[in-house]
Amino acid sequence: MILQPSIIVADEALNGLDMAMRSQIINLFLELQEEMGVAFVYVSQHLGIVKHITDKVMVMHEGDVVEYGKTSEVLTNPQHIVTQRMVESHFHKTPMHR
C-alpha cells in the first residue's frame, strides 16, 4: 500500500481462511476502497462473496468472457449457461430467467 496502487488484483485471496478472518479481510478491502479509492479485481468462484463485495462481475469460461454486467443483474438474471449453473450451484436455486 506504500506505493499507493490504484488497482489491486486479489486472486482467490480468501480461500482457505476461516469465516472470521475472511470477514476481516473483506472489511479491509472495502475500507481501502472507500478511503484510498483503490479498485479491486477480485478473482473468485465463491459467488456469495462476489455478490457481497462487487459492483460489477465478469464471468469467464475457458479463457473467454461469457457474461459481464452489474453484479446484482448478472446474478439474478444470468444469460449464459455457465453463469446459470454457477448461480444454481451456489445459491441452490434456479435463476429467474432461462
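Glu12 sits in the loop that runs between strand 1 and helix 1, and it is a good place to start a tour of this predicted model. Along the way we will visit two residues with an unusual backbone angle, the largest pocket, and a nonpolar patch on the surface. Take each stop in turn and find it in the structure above.

**Two loop residues with a positive phi**

- Most residues other than glycine have a negative phi, and most peptide bonds are trans.
- Glu12 has a positive phi of about 50 degrees, although it is not a glycine.
- Is Glu12 exposed or only partly exposed? Its relative accessibility is 24%, so Glu12 counts as partly exposed, because that class lies between under 20% (buried) and over 50% (exposed).
- Glu62 also has a positive phi, near 50 degrees, and is a residue other than glycine.
- You can find Glu62 in the loop between strand 3 and strand 4 (64–70).
- With a relative accessibility of 72%, Glu62 counts as exposed, because the cut-off for that class is over 50%.

**The largest pocket**

- Rolling a probe the size of a water molecule over the atoms shows where empty space is left.
- The volume of the largest pocket is about 780 Å³.
- How many residues line the largest pocket? The lining has 26 residues, and Tyr42, Val43, Lys56, Val57 and Met58 are the ones that lie nearest the centre.
- Several elements share the job of lining the largest pocket: helix 1 (19–36), strand 2 (39–43), helix 2 (47–53), strand 3 (56–61) and helix 4 (81–91) each supply at least two residues.
- By type, the lining of the largest pocket divides into 16 nonpolar, six polar and four charged residues.

**The nonpolar patch**

- Ile7, Val9, Val41 and Val43 form a nonpolar patch on the surface, and together they have about 340 Å² of accessible area.
- Strand 1 (7–11) and strand 2 each supply at least two residues of the nonpolar patch.
- Val43 is worth a second look: it belongs to strand 2, it is part of the nonpolar patch, and it is among the residues nearest the centre of the largest pocket.
- At 35% relative accessibility, Val43 counts as partly exposed.

**A stop in helix 4**

- Ile81 lies in helix 4, one of the elements that supply at least two residues of the lining of the largest pocket.
- Ile81 has a relative accessibility of 37%, so it counts as partly exposed.
- Ile81 and Glu67 are 14 residues apart along the chain, and their C-alpha atoms are separated by 9.8 Å.

Methods
Residues numbered from 1 in each chain as written. Predicted model: local features only at pLDDT ≥ 70, side-chain atom pairs only at ≥ 80, totals over all residues. Heavy atoms only, no water. 1 Å grid on protein atoms, 1.4 Å probe; cavity = no way out; pocket = protein on both sides within 12 Å on 5 of 7 lines; lining within 4 Å. Points joined across faces, edges and corners; volume = space filled by probe spheres on them. Helix = DSSP H or I, 4+ residues; strand = E, 2+ residues; numbered from the N terminus. Nonpolar A, V, L, I, M, F, W, Y, C, P; charged D, E, K, R; others polar. Patch = residues over 30% accessible without salt bridge, like charges linked within 9 Å, V, L, I, M, F, W, Y side chains within 5 Å. Areas by Shrake-Rupley, 256 points an atom, 1.4 Å probe, with all protein chains shown as cover. Salt bridge = Lys/Arg side-chain N within 4 Å of Asp/Glu carboxyl O. Buried < 20%, exposed > 50% of the residue type's maximum accessible area, 1.4 Å probe, protein only.
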